[in-house]
Amino acid sequence: LEDQYSPSRWSRRLDRDTIIDAHFEVTAAGTERARASAQTLLHVPYGNGDGEKLDIYFPTNPSETFPVLVYIHGGYWQCLSKDDSGFAAPPLVSQGVAVVAVGYDTAPKGHMDAMVLQVRRSLVFLMEQYPRIRGIYLCGHSAGAHLGAMVLSTDWTEFQVMPDIKGAVLVSGVYDLEPILHTYVNDALNMSWEVAQRNSPMRHVTPAVPAACEVLVAVAQHDSPEFRRQSQEYSQALRAAGWSVSLLDLAGVDHFDIIEKLSEDSYVLTQV
């Protein structure tokens, strides 16, 4: 399991130490470019916590209403931040889409229940603050795909706001946290079995409502067999519950460049 849940061991491009540093560099540089070229509102608080802030990249020519892509970063719930998460903005803002990078309190400061709640609350904030938003599209990578999947299983009645989620692109995610309990990843997270069960999207798939959003579950050819299995099983569970879901198995990419390429106009996920 240690091996299976270490994405850096499965890349064919770079060795395991280099690839993580390279990923941080690529996402940080891409975000810097995005901030230089787009109209932005940075560090917008959606709550009182230190990590509860958003970066908003506005469309180049915003129409009366515009769709928004909400990006939830990965980093195994313990590293990366919204400050490295704007790299996907340039191709999208040029097409009239706003991009929002969500910050949340990563471990050890943040714990799993709190992170899930923060991401849910960030969507409520967006809906209340920006009435011009026409549909929310979620995109999460790795741990962010897990948080995005948890958003899909939300009972919104307690929030008194129903975000208009039209689509979700979940990339190289973990949808069942139980195996994580037996790996180094849980050292910082410190999850109990109950916390892992409560926060496993795989175990909380809700029946699709009539206007349920479309879900795209994407996985890399060079993701580990466990990551690939999780994507497959989660997409099957959604389908069985009546969701409109497709599984995209992307050839020639690994756990890291599958998301880094979102900065490219012609990349298949950017196009989708």
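Here is a short walk through this predicted model, starting with two helices and ending with a few single residues.

Let us begin with helix α1, which runs over residues 16-37. Its length can be checked with simple arithmetic: at 1.5 Å a residue, the 22 residues should span 32 Å, and the C-alpha atoms at the two ends are indeed 32 Å apart, so expectation and model agree. Just at the start of α1, a side-chain oxygen of Asp15 comes to within 3.1 Å of the backbone nitrogen of Asp17.

Now look at which side of α1 is covered. Ile19, His23, Thr27, Gly30, Thr31 and Ala34 are its buried residues. Viewed down the helix axis, these buried residues of α1 fall within an arc of 100 degrees, so they line one face of the helix. That face has several partners: the buried residues of α1 pack against the strands β2 (53-58), β5 (133-141) and β8 (244-254), and against the helices α2 (89-93) and α8 (257-260). Turn α1 around, and the face pointing away from its buried side shows the exposed residues Asp17, Glu25, Glu32, Arg33 and Ala36.

Helix α4, residues 143-152, makes a good second stop. Here ten of the ten residues are buried. Among them are Gly144, His146, Leu147, Met150 and Val151.

Next come the aromatic side chains. A pair of rings is described by how far apart the centres are and by the angle between the planes. With ring centres required to lie within 6.5 Å, the model holds seven aromatic pairs. In one of these, the rings of Tyr71 and Phe87 have centres 5.6 Å apart and planes at 75 degrees; this angle is over 60 degrees, so the pair counts as edge-to-face. Tyr71 belongs to strand β3 (residues 66-72), while Phe87 sits in the loop between β3 and α2, so the pair ties together parts that are 16 residues apart in sequence. Tyr71 and Phe87 are both buried.

Tyr76 and Trp77 offer another geometry: their ring centres are 5.7 Å apart and their planes are at 20 degrees, which is under the 30 degree limit, so this pair is stacked. Tyr76 and Trp77 are buried too, and together with Tyr184 they form one aromatic cluster.

The loop between β3 and α2 also holds Ser85. Is Ser85 buried or exposed? Its relative accessibility is 3%, and because buried means under 20%, Ser85 counts as buried. The side chain of Ser85 reaches the backbone oxygen of Ser81 at 2.7 Å. Leaving aside residues up to four places away in sequence, Ser85 touches Thr31, Tyr71, His73 and Ala101. Two of those names should be familiar: Thr31 is one of the buried residues of α1, and Tyr71 is the β3 member of the edge-to-face pair.

Our last residue is Thr40, found in strand β1 (residues 39-45). With 26% relative accessibility, Thr40 counts as partly exposed. The C-alpha atoms of Thr40 and Ile56 are separated by 5.5 Å, although the two residues are 16 apart along the chain. Apart from residues up to four places away in sequence, Thr40 touches Arg35, Ile56 and Tyr57.

Finally, the unreviewed UniProt entry carries the annotation "domain: BD-FAE-like" for residues 54-154. Over that stretch the chain is 33% helix and 26% strand, with its end C-alpha atoms 20 Å apart.

Definitions and conventions:
Residues are numbered from 1 along each chain as its sequence is written. This is a predicted model: local features need pLDDT of at least 70, side-chain atom pairs count only at pLDDT 80 or more; totals for chains, interfaces and linings use all residues. Side-chain values use heavy atoms; hydrogens and water are left out. Helices (H or I, at least four residues) and strands (E, at least two) are DSSP runs, numbered from the N terminus. The expected span of a helix is 1.5 Å times one less than its number of residues. Buried means under 20% relative accessible area, exposed over 50%, partly exposed in between (1.4 Å probe, protein chains only). The arc is that of the directions from the helix axis to the C-beta atoms. Contact means heavy atoms within 4.5 Å. A polar contact is a pair of N or O atoms within 3.5 Å; within protein, one must be able to donate a hydrogen and the other to accept it, and residues adjacent in sequence count only if both atoms are side-chain atoms. Rings of Phe, Tyr and Trp (its six-membered ring) pair if their centres lie within 6.5 Å; planes under 30 degrees apart count as stacked, over 60 as edge-to-face and the rest as tilted. UniProt positions are given in the numbering used here, feature names are shortened, and annotations may be inferred rather than shown by experiment.
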